[in-house]
Amino acid sequence: TASAALPSPFDGDPVTVALVRQSGAGDFFEAWGAGAAAQAEFANIDLQVTDARNDNAKQASDLEQAIAAKPDAIIVDHGQTDTIQPLITKAVDAGIPVIVYDLALTDTDGVITTSQSDASMAEGVLKQLVADVGQGAKVGYVSATGFAPLDRRAEVWNKVVADNDLDVVFSTGKVSESTATDNIPLVDAALKQNPDVKAIFAPYDEITKGAVQAVIQNNLQSSVKVYGIDISNADLEVITAEGSPWVATSATDPAAVGAGVVRALALSLAGQLDETDVQFPAITITQDFLAENKVTNVKELRAAEPSLALDDVVVADWLPAVSE
Ligand code: SR1
């Protein structure tokens, strides 16, 4: 229940919001969607969700249909600039408020943009990588291009590689509806060619899990460390397993971020959002921190790191952070 009465336009019939997603698959996206739904329910928002399952043409057609339905607002979660930008412009021209999460736009006029602090996430975990394996070490990179957060993390990676003379002996990776499984054979092949690699940067937890599995099946877990991004219960199980090569990750609580995106939209519709770009801060989590604090799941991590709740980010008396 709200501690303060909801302001207009949330004080009458439910506010209709279309959430147009590129994909809802995987730990991060499932938790993000649940957080968005919980915050929407709190704010009297009727959230109508479409999931394109990584089919960019379908996401474009989902967005076309959302615009035609004239909702009170649209949230676009991830997407390809080429296919989505023209439709964002169309929605703005039609007077529909639009907020995007993790989407690179060429024209942000009239749009609220949101993301995690991707640069600091990558910096946090790569600082640990360089401290662990040293300058000039042989390293591997597993990611994909064309996804805004991965492209932002790649910029940091390229700089860290150059600044520390890291020897990148392989670059591979893909995003799909089965990202973890699909990356295992890619990293497996790369490791068979380069068994002397010292570290792998795999900056998306589904990809990280695939990389970890490939390291283990090549029996390289004592010589290859893996650095990831994101966190979930399944990830924590992998990181905290005895002898796991996944030694550090930078993360938000994805449910808190999904909720935060809905709050940013709600504040904007109420005329109370002062910014047009909202960044959700992340933390870097090491295997040692988890062991010291006896953290084995997200609930325990939230207790150990209360800042993950984002309960001071885009909030109001009438709109506290609600992600469960
Ligand atoms: C395919 S892009 C995957 C990333 O987007 C989210 O924001 C998560 O952090 C994930 O790593």
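**Helices, cores and a buried serine in a predicted model**

Q: Which residue follows α4, and what is the sign of its phi?
A: In this predicted model, the residue after α4 has a phi near 85°. That value is positive, and the residue is G134.

Q: How far does α4 reach from its first C-alpha to its last, and what span is expected?
A: Helix α4 covers residues 118–133, which is 16 residues. The expected span is 1.5 Å times one less than the number of residues. For α4 this gives 22 Å, and the distance in the model is close to it, at 22 Å.

Q: Within what arc do the buried residues of α4 fall, seen down its axis?
A: The buried residues of α4 are D118, M121, A122, V125, L126, L129 and V130. They line one face of the helix because, seen down its axis, they fall within an arc of 155°.

Q: Which residues of α4 are exposed on the other side?
A: Exposed means over 50% relative accessible area. On the side of α4 away from the buried residues, those exposed are K127 and A131.

Q: Does the end-to-end distance of α6 agree or disagree with its expected span, and what is that distance?
A: Helix α6 runs over residues 179–193 and has 15 residues, so at 1.5 Å a residue it should span 21 Å. The two values agree, as the end C-alpha atoms are apart by 22 Å.

Q: What covers the buried residues of α6?
A: The buried residues of α6 include T179, A180, I184, V187 and L191, as well as N183 and D188. Their cover includes the strands β6 (138–142), β7 (167–172) and β8 (199–202), and the helix α7 (205–217).

Q: Which helix gives the most to the largest nonpolar core?
A: The largest nonpolar core has 72 residues, and I45, I75, L191, I200 and W318 have the most contacts inside it. Eight of its residues come from one helix, residues 254–269, and that helix is α9.

Q: How many residues does the other core, with M121 and V247 among them, have?
A: This core lies apart from the largest one. Among its residues are M121, V125, V130 and V247, and its size is 21 residues.

Q: Is S244 buried or exposed, and what is its relative accessible area?
A: S244 lies in the loop between α8 (233–239) and β10 (246–251). Buried means under 20% relative accessible area. S244 is therefore buried, at 9%.

Q: Which backbone oxygen does the side chain of S244 reach?
A: Leaving aside residues up to four places away in sequence, S244 touches V238, I239 and Q287. Its side chain comes to 2.9 Å from a backbone oxygen, that of V238.

Conventions:
Residues numbered from 1 in each chain as written. Predicted model: local features only at pLDDT ≥ 70, side-chain atom pairs only at ≥ 80, totals over all residues. Heavy atoms only, no water. Helix = DSSP H or I, 4+ residues; strand = E, 2+ residues; numbered from the N terminus. Buried < 20%, exposed > 50% of the residue type's maximum accessible area, 1.4 Å probe, protein only. Polar contact = N/O pair within 3.5 Å; in protein donor to acceptor, adjacent residues only side chain to side chain. Contact = heavy atoms within 4.5 Å. Arc of directions from axis to C-beta. Core = buried A, V, L, I, M, F, W, Y, C linked by side-chain atoms within 4.5 Å.
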